[in-house]
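Trainee: I should like to study one part of this structure closely. Could you please take me through it step by step?

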Amino acid sequence: MTRTKTILAILSILTLAIAGCESDEAATSTAAATATTATQEAPPLPADVAQVAGAATTDTTGTAATSTAEPRADASTLVATGEFVSPVRSELSPKLPGRVSRMYVEEGSRVTKGQPVLELETEYVRLNLQAATADVARAKAALDEAQRDLARKKGLADKGSIPQATYDRSQATYDQANAAYRSAQAQVSLLRQQISDGTLRAPVTGVVAEKRTEVGARLGDGGVAFVVVQLSPLKLRFAVPERYLGRIDRGDKVSARVDPYPTETFTGVIKTVGGVIDPKTRTMFAEAEFANGDGRLRPGLFARVEVKLD
């Protein structure tokens, strides 16, 4: 009896296992059939959607063309950025060392060519000038006396009243007096020049960019007192792409706009076009000259540049 129950239990388990396998196979077959049917029945994409999908696929693969922001080679206007620079930057130094006695300008002051900017102490030079002037007067008196004596001796020598040697000594005395007089005059001129050189003057019309000394300071050989930069005219330097090499030349008009005067346009003329192209940036430089008569533009000012081509 026990054996019979065991056999029946085993048969029941086998029956359930077989039934489960058949159910799984049926489910799998049903899912496959459903997927096949859905694939066969899916409608085709519309033409416009298909184009978008194709473009997206092309962009994903990296084969789509990309646009650049570079100006066209046939553009009629060149647009660039540049900077105003001074054509002259002068470091003012006195010709002779000395102590600063007076200063007429400060950093940032506007100056004109020839205007005094600094004066050195010249009291001792002026005293020496007074002494040299007195020496000139004495030398002139000696020269006049030697000249009169030479004239008398010449008359006597012509008559044979005095020996030739006496006349020759008078001639030598006159020559020495004349040389002493010229030497005294040269000393006076030298001292006057030293006094003139004691006043430092602006070499150009511009602005004082730096002040490097004060009243009472001593300026030695090569000591710089001021740095003056020219304001009129000014140069505007900017970069030009190499493809415009044949379309920009000297004499072309340039328009520039700067932030301090946003509603105004300043006009200049190209004076230089660089002949060397930078291999890194593939650009060359160009320089335009601006009159800047009113001095409103300053060196270092950033500008937006436009050049009409052809």
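Mentor: What follows is a close look at the barrel and its core, and then at a second group of strands.

The model is predicted, and its mean pLDDT is 81, with 75% of the residues at 70 or more. Two stretches call for caution. Over residues 17-42 the pLDDT is below 50, and in the model this stretch has zero contacts beyond near neighbours in sequence. The pLDDT is also below 50 over residues 47-74, although that stretch has twelve contacts beyond near neighbours in sequence.

Let us turn to the barrel. Six strands form a closed barrel in the order β1-β10-β13-β12-β11-β14, with antiparallel pairing. On average, neighbouring strands of this sheet are turned by 40 degrees against each other, direction ignored. One of the pairings is that of β1 with β14, which is antiparallel and has seven bridges. Within it, glycine 82 has alanine 303 of β14 as its bridge partner. As a general point, strands of a sheet pair through backbone hydrogen bonds, either parallel or antiparallel.

The largest nonpolar core has 24 residues, and those touching the most other members are Phe84, Leu236, Phe238, Val240, Ile248, Phe290 and Val307. At least two residues of this core come from each of β1 (77-85), β10 (234-241), β11 (253-258), β12 (261-273), β13 (283-290) and β14 (302-308). In soluble globular proteins, nonpolar side chains tend to be buried together. Isoleucine 248 may serve as an example: leaving aside neighbours within four places in sequence, isoleucine 248 is in contact with Leu78, Phe238, Val240, Ile270, Val273, Met284 and Val307.

The second group of strands involves β5. Strand β5 (residues 116-120) has four buried residues out of five, so the rest of the structure largely encloses it. Strand β3 (residues 98-103) pairs with β5 in the antiparallel sense over three bridges, and methionine 103 stands opposite leucine 118 in β5. Strand β6 (residues 199-201) is also joined to β5 by three bridges, and these two strands run antiparallel. Here glutamate 119 stands opposite threonine 199 in β6.

Threonine 122 lies in the loop between β5 and α3 (123-159). Threonine 122 counts as buried because its relative accessibility is 8%, and buried means under 20%. Not counting residues up to four places away in sequence, threonine 122 touches Ile195 and Gly198.

Methods
Residues are numbered from 1 along each chain as its sequence is written. This is a predicted model: local features need pLDDT of at least 70, side-chain atom pairs count only at pLDDT 80 or more; totals for chains, interfaces and linings use all residues. Side-chain values use heavy atoms; hydrogens and water are left out. pLDDT is the predictor's confidence in each residue, from 0 to 100. Contact means heavy atoms within 4.5 Å. Buried means under 20% relative accessible area, exposed over 50%, partly exposed in between (1.4 Å probe, protein chains only). Two strands pair if DSSP finds at least two bridges between them. A nonpolar core is a set of buried Ala, Val, Leu, Ile, Met, Phe, Trp, Tyr and Cys residues joined through side-chain atoms within 4.5 Å. Axes are lines fitted to C-alpha atoms, for helices over the stretch in contact, and angles run from 0 to 180 degrees between N-to-C directions.
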